[in-house]
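Trainee: I would like a close look at one part of this model, the core of the sheet and what lies against it. Please connect the details as you go.

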Amino acid sequence: MSDSEEEGPDRQLKVIILGDGSSGKTSLCMRYAQEQFKKQYGQTVGLDFYLKRIVLPGSTHVALEIWDIGGQTIGSTMLSNYIFGAHGVLLVYDITNYSSFENLEDWYHAVKKVCAGTRMPHIALLGNKSDLEHMRTVKQDKHQKFAQEHGMSSYFVSAKTGDSVGLCFQRLAADILNIKLTKPETEQQHRVVKAEVIHYKSDLPSARPQTNETKSSFCLLQ
């Protein structure tokens, strides 16, 4: 690395997202990089790029270059090019879709094949759609066993609610750079904000509703 690169404002890290189609990879990227969630499913053809800048302890400025790789690329000759040079890998599956979990072995071996003879990237296992716990088909002990057998960190996340999404990216970047996170820094990613949601009747004649026609409830934003 040249002196000019060392003096730059950011450390650039290539992070790739692998897993079957419809496991929620794009939703995770959009939730983390753009704080958005789209209900409609759209297949990623080839790959998409996202950029997220974060600051880690020690005032370490990091630019995460996130590669969202389409699920159909598992049999593509381009997959090895996408994997090459990755600092970190997020293996994503849908906790309500058992086959997406079973196919992780193929995705893992694709990474291992590309990195044969070189240092493996840091890998994290992500069980997505934790908001659908009542529909879970992959038991947590299977998740943990897979992660332990392959030396991965592991998380249960929800692109829909944002639960633990920031945490997994933050920890992955810290692991790559050998930076230790404090408990308050990790807990910050789990902040829960209580916000009042006010519902108004749609047939009110004016934009300003009357007080006695207002109903309120509370929601949790993660």
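How many bridges join strand 1 (residues 11–18) to strand 4 (residues 88–94), and do the two run parallel or antiparallel?

Mentor: Four bridges join strand 1 to strand 4, and the two run parallel. This is a predicted model, in which local features need pLDDT of at least 70 and side-chain atom pairs count only at pLDDT 80 or more, while totals for chains, interfaces and linings use all residues. Residues are numbered from 1 along each chain as its sequence is written, and side-chain values use heavy atoms, with hydrogens and water left out.

Helices (H or I, at least four residues) and strands (E, at least two) are DSSP runs numbered from the N terminus; the protein chain has eight of each. Two strands count as paired if DSSP finds at least two bridges between them. Within the pairing of strand 1 with strand 4, L18 has L91 as its bridge partner in strand 4.

Six strands make up the open sheet, in the order 2-3-1-4-5-6 with mixed pairing. Strand 2 and strand 6 (153–156) each have a single partner strand and stand at the edges, so one side of each has no neighbour in the sheet. On average, neighbouring strands are turned by 25 degrees against each other, direction ignored. Axes here are lines fitted to C-alpha atoms, for helices over the stretch in contact, and angles run from 0 to 180 degrees between N-to-C directions.

Two helices that pack on this sheet can be taken in turn. Helix 5 (residues 104–114) touches strand 1, strand 4 and strand 5 (122–128), and its direction makes about 165 degrees with that of strand 4. Helix 7 (residues 165–176) touches strand 1, strand 2, strand 3 (60–69), strand 4, strand 5 and strand 6, at about 150 degrees to the direction of strand 4. Contact means heavy atoms within 4.5 Å.

In helix 5, the residues L104, W107, Y108, A110 and V111 are buried. The cut-offs are under 20% relative accessible area for buried and over 50% for exposed, with partly exposed in between (1.4 Å probe, protein chains only). These buried residues span an arc of only 155 degrees around the axis, which puts them on the same side of helix 5; the arc is that of the directions from the helix axis to the C-beta atoms. Their cover includes strand 1, strand 4 and strand 5, along with helix 3 (79–83), helix 4 (98–102) and helix 6 (140–149).

Further along the sheet, strand 5 and strand 6 pair in the parallel sense over four bridges. L126 stands opposite Y155 in strand 6. The chain crosses from strand 5 through helix 6 to strand 6, a right-handed β-α-β crossover, meaning that with the strands pointing away from the viewer the path from the first strand over the helix to the second runs clockwise.

At the other edge, F49 lies in strand 2 (residues 47–56). Apart from its neighbours within four places in sequence, F49 is in contact with I66 and W67.

Next, the cysteines. With a disulfide defined as a pair of cysteine sulfur atoms within 2.5 Å, the count is zero. The sulfur of C168 is 9.9 Å from the closest cysteine sulfur, in C29, too far for a bond. C29 is buried at 0% relative accessibility, and C168 is buried with a relative accessible area of 0%.

For the whole protein chain, buried residues make up 41% of the 222 residues.
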